[in-house]
Every structure is written in structure tokens, then in C-alpha cells.
Amino acid sequence: MARLYVLQGKWIDAVLTFITGGARSGKSARAQCLAESHAGELVYLATAQAFDDEMRDRIARHQADRDARWRTVECPVDLPEAIARETGEDRVLLVDCLTLWTSNLLLGEHDFTAASRRLIDTLAQAHSPVILVSNEVGMGIVPDNALARQFRDMAGRLNQQVAAIADRAELVVSGLSLTLKP
């Protein structure tokens, strides 16, 4: 079955592409479509961890959407290291997603400031196109508990840092991509 997002998907000449939007907005589909329109090797950097059946099903659906051209690298915490290791000529990296990476760091009590600094430094040195997906978490109500507010603040700061260094940034709403930064 043809998908509507395919109509928007054409490879763009950007080293670093940042795609954000709400939950279930079509961010991952947009990122995948952009990557698949590139002729090179495709590497999916997965940050999700399957702690329950629902997440296992969600991960399986994402995997089923990718064809044989994709190679998956699981990196729930060591994302900067995976990007540094996987970057290369004629290769596209798709990071899905920064939001889950942030929650993994928070819940694992890792040093988020140091990890995000490593990520930004690694992205600045990437030798291949990198497409990063992240939820826009700041458009809703202020969370009612400290952990949720801490997460929202961490994710928002990381999104700002990545968007600042990105060559291209897009907001996906209802499956439609809006260019934020050419």
C-alpha cells in the first residue's frame, strides 16, 4: 500500500537533518523516506528498549517497515559512540529517536550534560549524512511531577542544541513536513 509521506520524500543535500514533531505525527516515516531516497547504505541507530510487550510490538512494526537495505544498530545509551563508529562515505545514518535516548539517560542516571555534549561534538564531526528524529515535548501542559518536568526540560534543551547545528530542520504535523531551517 502506498503511503502519503512518500510524496514528500526526496533526498536533500544536508549533512545533518533534524526532524521533530508530536507523538505519532509521522516523524519516523518522514525520516525513513528521506533516507531511503539516498542511494547509499542505510544504518538505523535505534535508541528504544523493549521493556514490555507494547514496546516490543512497536519496535517490530518499525522493523517491518524497513526493507533489506537497512542495517540496525542498537544504541540505547551509547549513541555518540555509535554515530562515530558508523559514519562513513556513501552511508546515511538515521537516529530514531533522541527522545528515547534522553529518557534512557535520565532513568539510567547517566550524566546527561556530558552525554549531550558528546553527541553534539560527534554530530559536528560526522562524515556522512545523519537524520535525527525527536519529539517536540514543549507544546503541551507543564507536567505535574518533577521527573516529567526534568525530562521535558532535558529533551527541549537537546532539541535546541541539535537544531542549532543542523543544516536542515523540519517539523512534522499530521504527516506533513514543514521546513523550519533550510
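The questions and answers below walk through ring pairs, a buried serine and salt bridges in a predicted model.

Visitor: How many aromatic pairs are there in this structure?
Guide: The model is a predicted one, and the rings are paired by the distance between their centres, with a limit of 6.5 Å. By this rule the count of aromatic pairs comes to 2.

Visitor: Is the pair of tyrosine 44 and tryptophan 70 stacked, tilted or edge-to-face, and which is it by the angle between the planes?
Guide: The two ring centres lie 6.0 Å apart, and the planes make an angle of 80°. Planes over 60 degrees apart count as edge-to-face, so the pair of tyrosine 44 and tryptophan 70 is edge-to-face.

Visitor: Which strands does that pair link, and how many residues apart are its members?
Guide: Tyrosine 44 belongs to strand E2, residues 41-46, while tryptophan 70 belongs to strand E3, residues 70-74. The pair therefore links distant parts of the chain, and its members, in E2 and E3, are 26 residues apart.

Visitor: Is tyrosine 44 buried or exposed, and which residue lies over the face of its ring?
Guide: The relative accessible area of tyrosine 44 is 6%, and because buried means under 20%, tyrosine 44 is buried. Its partner tryptophan 70, at 10%, counts as buried too. Over the face of tyrosine 44, at 3.5 Å from the ring centre, lies arginine 66.

Visitor: What kind of aromatic pair do tryptophan 101 and phenylalanine 112 form?
Guide: Tryptophan 101 lies in helix H4 and phenylalanine 112 in helix H5, so the pair ties together parts that are 11 residues apart in sequence. Both residues are buried. Their centres are 6.4 Å apart with 50° between the planes, and the pair is tilted.

Visitor: Where is serine 128, and is it buried or exposed?
Guide: Serine 128 has its place in the loop between H5 and strand E5, which covers 130-135. Its relative accessible area is 2%, and because that is under 20%, serine 128 is buried.

Visitor: Which residue's side chain does the side chain of serine 128 join in a polar contact?
Guide: Leaving aside neighbours within four places in sequence, serine 128 is in contact with Val15, Thr87, Gly88, Arg91 and Leu93. Its side chain reaches the backbone nitrogen of glycine 88 at 3.4 Å. The side-chain to side-chain polar contact, at 3.0 Å, is with threonine 87.

Visitor: How many residues apart are the salt-bridge partners glutamate 170 and arginine 30?
Guide: A search of the whole structure finds 11 salt bridges, and in one of them the closest N and O atoms of glutamate 170 and arginine 30 are 2.7 Å apart. Both of these residues are buried. Glutamate 170 is in strand E6 and arginine 30 in helix H1, and the distance along the chain is 140 residues.

Visitor: Is arginine 71, a salt-bridge partner of glutamate 86, buried or partly exposed?
Guide: The closest N and O atoms of glutamate 86 and arginine 71 are 2.5 Å apart, and the pair ties helix H3 to strand E3. Glutamate 86 is buried, with a relative accessible area of 8%. Arginine 71, by contrast, has 32% relative accessibility and counts as partly exposed.

Visitor: Which residues are joined into one network by salt bridges that share partners?
Guide: Glutamate 86 also meets arginine 85 in a salt bridge, at 3.9 Å from N to O, and arginine 85 is partly exposed at 48%. Through shared partners, the network joins Glu41, Arg71, Arg85, Glu86 and Arg91.

Definitions and conventions. Residues are numbered from 1 along each chain as its sequence is written. This is a predicted model: local features need pLDDT of at least 70, side-chain atom pairs count only at pLDDT 80 or more; totals for chains, interfaces and linings use all residues. Side-chain values use heavy atoms; hydrogens and water are left out. Rings of Phe, Tyr and Trp (its six-membered ring) pair if their centres lie within 6.5 Å; planes under 30 degrees apart count as stacked, over 60 as edge-to-face and the rest as tilted. Helices (H or I, at least four residues) and strands (E, at least two) are DSSP runs, numbered from the N terminus. Buried means under 20% relative accessible area, exposed over 50%, partly exposed in between (1.4 Å probe, protein chains only). A charge sits over a ring if NZ of Lys or CZ of Arg is within 6 Å of the ring centre and within 35 degrees of the ring normal. A polar contact is a pair of N or O atoms within 3.5 Å; within protein, one must be able to donate a hydrogen and the other to accept it, and residues adjacent in sequence count only if both atoms are side-chain atoms. Contact means heavy atoms within 4.5 Å. A salt bridge is a side-chain nitrogen of Lys or Arg within 4 Å of a carboxyl oxygen of Asp or Glu.
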